[in-house]
Amino acid sequence: MSRVHVRVLAGGEHYALPVTAVLEIADTGQVTPVPGAPTGVLGVRNLRGQVIPVIDLATMLGLSDEAESERIVVTEDGSLRAALAVTETVDVGELGAATEEVESPYLSGAILVDGALVGIVDGPALLAATAPVEAR
């Protein structure tokens, strides 16, 4: 399994996603709200002809996000695909195995990197929680 991760900032905190689950990183662009969408779903965005849900990573992790989301990280797990709205992307690099336990159902663990605690996002759990019932 690859240890290369995309590190991002969301809600003032550092998080990382395995690069193998990241399809692309783009500007947030035009997000259209969807009435009745689950908590954390900002709406949908047309990305090169494909309409994908945009999920606010900070909201899903229980953080208040005062900063505007400027980037999206498009991720997928099987047939589920979504864009995670983040404040910014930090870098792409290798991370060791998670050394800290976490209580969030959307994180698989955490690791200390250069003095900052970085939560490892559990992409499949996050996508499953926000997917329409018929897609689960």
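**Group meeting: cores and sheet**

Okay, so the largest nonpolar core here has 23 residues, and the ones with the most contacts inside it are Val8, Tyr15, Leu17, Ile55, Leu57, Val121 and Leu126. By nonpolar core I mean buried Ala, Val, Leu, Ile, Met, Phe, Trp, Tyr and Cys residues joined through side-chain atoms within 4.5 Å, with buried being under 20% relative accessible area for a 1.4 Å probe, protein chains only.

Quick caveat: this is a predicted model, with local features needing pLDDT of at least 70 and side-chain atom pairs pLDDT 80 or more, while totals for chains, interfaces and linings use all residues. Numbering runs from 1 along each chain as its sequence is written, and side-chain values use heavy atoms, without hydrogens or water.

Which elements give two or more residues to that core? Strand 1 (4-10), strand 2 (13-18), helix 1 (57-60), strand 7 (80-86) and helix 2 (123-130). Those are DSSP runs numbered from the N terminus: helices are H or I, at least four residues, and strands are E, at least two. Strand 7 gives the largest share, four residues. There's also a second, separate core of eight residues, including Ala26 and Ile52.

Now the sheet. It's open, five strands, order 3-6-7-5-4, with mixed pairing; strands pair if DSSP finds at least two bridges between them. Strand 3 (22-27) and strand 4 (41-47) are at the edges with a single partner strand each, so one side of each has no neighbour in the sheet.

Strand 5 (residues 50-56) runs parallel to strand 7, and three bridges join them. Aspartate 56 sits opposite alanine 85 in strand 7.

Key
Buried means under 20% relative accessible area, exposed over 50%, partly exposed in between (1.4 Å probe, protein chains only).
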